[in-house]
Amino acid sequence: MFLFQENRCIDICLKNSNPYVRLAVEDLRKDFLSVSRLTDVPAIVEKENDYCLIIEENQGVEDPIQDESFSIICQGGKIRISANGYLGTMWGIYTFSEKILGISPCYLFNDLQPEKRTSLEIADFRIQEKPQKVGFRGIFINDEDLLTGWKEGGGIRRLDFPFYGITVPETVMDKVVETALRLRINLVIPASFLDIDNPAEKALADCVARRGIFLSQHHIEPLGLSHFTFENYCKKFKKEGEYSYMHNPEPLVEGWKYYAEKWAEYDNVVWQVGLRGKADRPVWEEASPSDDELKSYATYISNAIKQQKEIVKKATGGKAKYFSSTLWMEGSMLMEKGLLDLDNDTIIVFADNGPNQMFGKDYDRVPRSKDLQYGIYYHVQYYDIGPHLAPQTGLNKLYYNIRRTKEKGDDFYYILNTSNMREFVFEIGAYAEMLWDFEAFSADRYLDDYAKIYGAQAAQAKAFVKGYFDNMPALPNEYLQYVHANYFNYDYDEVSPGVKNFILKDGLIFARGAQLIYHFRGELPLQELFTNMYAELKRVLPIYEKLANDIRAWSEGLNDGLKGHVQCKWWLYTKTLLHAYRWFVALCEAKKCYEDGDGDGMKAKLTKACESLEEYLSMRSCAEYGEFKNWYRGELKMNVKQQLYNTKRLLGQTPNVF
């Protein structure tokens with residue numbers, strides 16, 4: 001049967017009255033327009049006819065995540081999408097778009113537009129799917145500087161923090177949520193901080209809620225109340241005192257009640273419970289608290305969680321079903337020591353060690369209970385030490401860590417830190433496939449499927465992608481002690497075949513480069529780390545120089561769509577890392593010249609460092625085209641422009657232009 005031809009398009013018989021499904025149907029109609037050279041979109045009809053796509057009414061599921069199964073059956077000129085729950089119906093709609101219409105789930109961010117056709121004929125088929133495991137598959141929009149600055153329309157935020165004065169615009173958040181839906185993601189944390197008492201910030205939560213998937217909160221904002229939100233609450237209601245459950249519990253508890261009532265307006269929430277300090281710090285100030293102090297702090301945290309859950313249950317009239325507590329940094333240490341007391345209805349969420357994206361020794365040491373549900377918080381993006389401007393996790397490392405969670409049974413709740421989405425769609429897509437059906441996932445097959453878009457050039461595309469990830473510079477595990485060592489329980493002895501543990505990522509290079517500039521005329525701390533970083537980055541420089549040149553030359557022979565995709569993705573990613581490497585290496589050499597009293601050499605090396613960043617800032621404009629105009633306008637986290645300014649200052653100069 002033809003889905004469309006000669007100005008005729010199949011009808012959609014919409015029997016489903018669910019509002020979330022109806023919004024998915026509008027996406028489906030838009031998809032027809034995206035792949036068709038015709039101007040018509042499917043008409044919505046009330047009764048079946050001989051030429052229609054039928055979307056059945058849901059049979060009824062009380063808890064949306066308990067049954068996400070669906071079927072799509074094409075037979076005798078009709079297509080029927082059926083499911084017990086509305087989530088399943090939506091997954092059926094988006095699966096139809098992907099597998100039948102050819103719409104990539106990440107097409108809004110992957111720099112590759114769908115292929116247009118004059119007609120589309122399909123044979124009879126049957127698709128029946130469900131996720132391998134009941135539970136949550138989520139993404140966390142964290143450190144979202146590029147999304148914030150990309151489009152106009154963001155609202156003001158009252159937040160005493162350098163990066164979050166303006167919200168992500170609703171139009172941008174809608175794209176994020178639509179991408180999540182297409183990936184069959186059923187939970188979104190929509191921002192790094194979210195004060196839903198502020199309409200501009202509440203709008204971001206609304207973008208998620210109006211599409212029917214679950215909302216949750218950043219691990220530093222239990223019940224929606226972060227340290228910063230507490231400050232706003234105190235100003236609004238003229239409260240006094242510090243953000244401390246230990247020293248000033250009364251106003252904090254009142255704040256929890258206030259925000260719990262606001263969050264209770266949403267139907268589908270996974271409530272974050274826990275206790276952390278300002279700006280994602282532990283509740284304590286000591287660098288190394290004693291065992292007795294840790295016991296005391298753990299008691300405060302456990303008691304706070306119990307009180308938070310009582311507040312939520314009262315605010316929701318007992319309807320709240322899901323609670324999660326993220327054992328981030330010191331949390332896993334407290335759990336390993338048996339100091340935290342958590343109830344059976346709290347999902348215990350382990351986190352990878354962001355600096356190396358692996359699980360520490362505590363992950364294996366914490367005993368599991370058959371009475372508890374467990375989950376994972378994982379980073380494909382991590383600020384400040386990266387990845388942030390380019391993907392650096394890769395399929396092998398992601399698969400290795402997800403496999404560990406599956407083997408442990410920690411698979412009821414997943415949240416993936418995805419930052420600005422666009423840079424990480426290759427890995428986000430793999431993550432979504434792994435969680436839908438881990439047993440069916442293969443990294444080789446995933447790469448093969450991606451490479452199919454290149455036709456006869458598929459083998460070369462795969463070689464470039466593998467070369468990009470496989471050649472990442474890395475240091476031995478023991479050097480992790482120089483990175484947030486107080487709060488992460490690194491496994492220095494771990495040896496994982498095919499997985500690099502401590503990769504020198506973009507953020508680490510920029511952070512250490514900034515440190516080098518700060519100490520340029522003085523004694524540099526952690527000299528051993530800098531020496532080894534310099535040697536490793538200098539080693540891989542020619543590898544990434546050749547890779548960038550080869551990718552660019554190869555892309556010139558592709559059609560315009562694929563050429564643009566490659567240059568905005570793999571070429572730009574490679575150049576991002578290459579120019580960061582060049583900058584850092586030149587800085588190290590400039591400092592050596594300074595210490596040796598070689599003024600001319602110092603100036604030459606600093607000039608080379610500046611030129612590397614200037615060239616990068618100029619060439620990354622290739623990704624700021626059309627819909628993505630101003631993509632890097634909000635680039636505040638790595639802040640390459642500031643890095644250039646600081647490097648120029650060593651020469652007694654300022655940049656001519658940005």
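## Strand pairing, nonpolar cores and one helix face

Ile55 has Ile81 of strand S7 as its bridge partner, in a model that is predicted. Strand S7, residues 78-82, is a useful starting point, since Ile79 and Ile81 on one of its faces are buried, and both residues are also in contact with Phe96, which is among the residues that touch the most other members of the largest nonpolar core.

**Strands around S7**

- Strand S5 (residues 52-55) runs parallel to S7 and is joined to it by four bridges, whereas strand S6 (residues 70-75) runs antiparallel to S7 and is joined to it by five bridges.
- On the S6 side, Ile73 has Arg80 of S7 as its bridge partner, and in the hairpin that S6 and S7 form, with two residues between the strands, Gly76 takes a positive phi near 60°.
- The side chains along S7 alternate, with Ile79 and Ile81 pointing to one face and buried, while Lys78, Arg80 and Ser82 point to the other face and are not buried.

**The open sheet of S2, S1 and S8**

- Three strands form an open sheet in the order S2-S1-S8, and their pairing is antiparallel.
- Strand S2 (8-9) and strand S8 (120-121) are the edge strands, each of them pairing on one side only.
- Strand S1 (residues 2-5) is joined to S8 by two bridges, and Phe2 has Glu121 of S8 as its bridge partner.

**Nonpolar cores**

- The largest nonpolar core holds 228 residues, of which Leu3, Met90, Phe96, Phe136, Trp256, Tyr468 and Trp570 touch the most other members; helix H17 supplies the largest share of this core, with 19 residues.
- Once its neighbours within four places in sequence are left aside, Phe96 is in contact with Leu3, Leu28, Phe32, Leu53, Ile72, Ile79, Ile81, Leu101 and Phe125.
- A second core, separate from the largest one, has six residues, including Phe163, Phe193, Ile220 and Phe228.

**The buried side of helix H19**

- Within helix H19 (residues 640-649), the residues Val640, Gln643, Leu644, Thr647 and Lys648 are buried, and they lie on the same side of H19 because they cover an arc of only 135° around the axis.
- As general background, an α-helix has 3.6 residues a turn, so residues three or four places apart point the same way.
- The buried residues of H19 pack against three helices, namely H15 (506-518), H17 (560-595) and H18 (599-619), and of these H17 is also the helix that gives the largest share of the largest nonpolar core.

Note on methods: Residues are numbered from 1 along each chain as its sequence is written. This is a predicted model: local features need pLDDT of at least 70, side-chain atom pairs count only at pLDDT 80 or more; totals for chains, interfaces and linings use all residues. Side-chain values use heavy atoms; hydrogens and water are left out. Buried means under 20% relative accessible area, exposed over 50%, partly exposed in between (1.4 Å probe, protein chains only). The arc is that of the directions from the helix axis to the C-beta atoms. Contact means heavy atoms within 4.5 Å. A nonpolar core is a set of buried Ala, Val, Leu, Ile, Met, Phe, Trp, Tyr and Cys residues joined through side-chain atoms within 4.5 Å. Two strands pair if DSSP finds at least two bridges between them.
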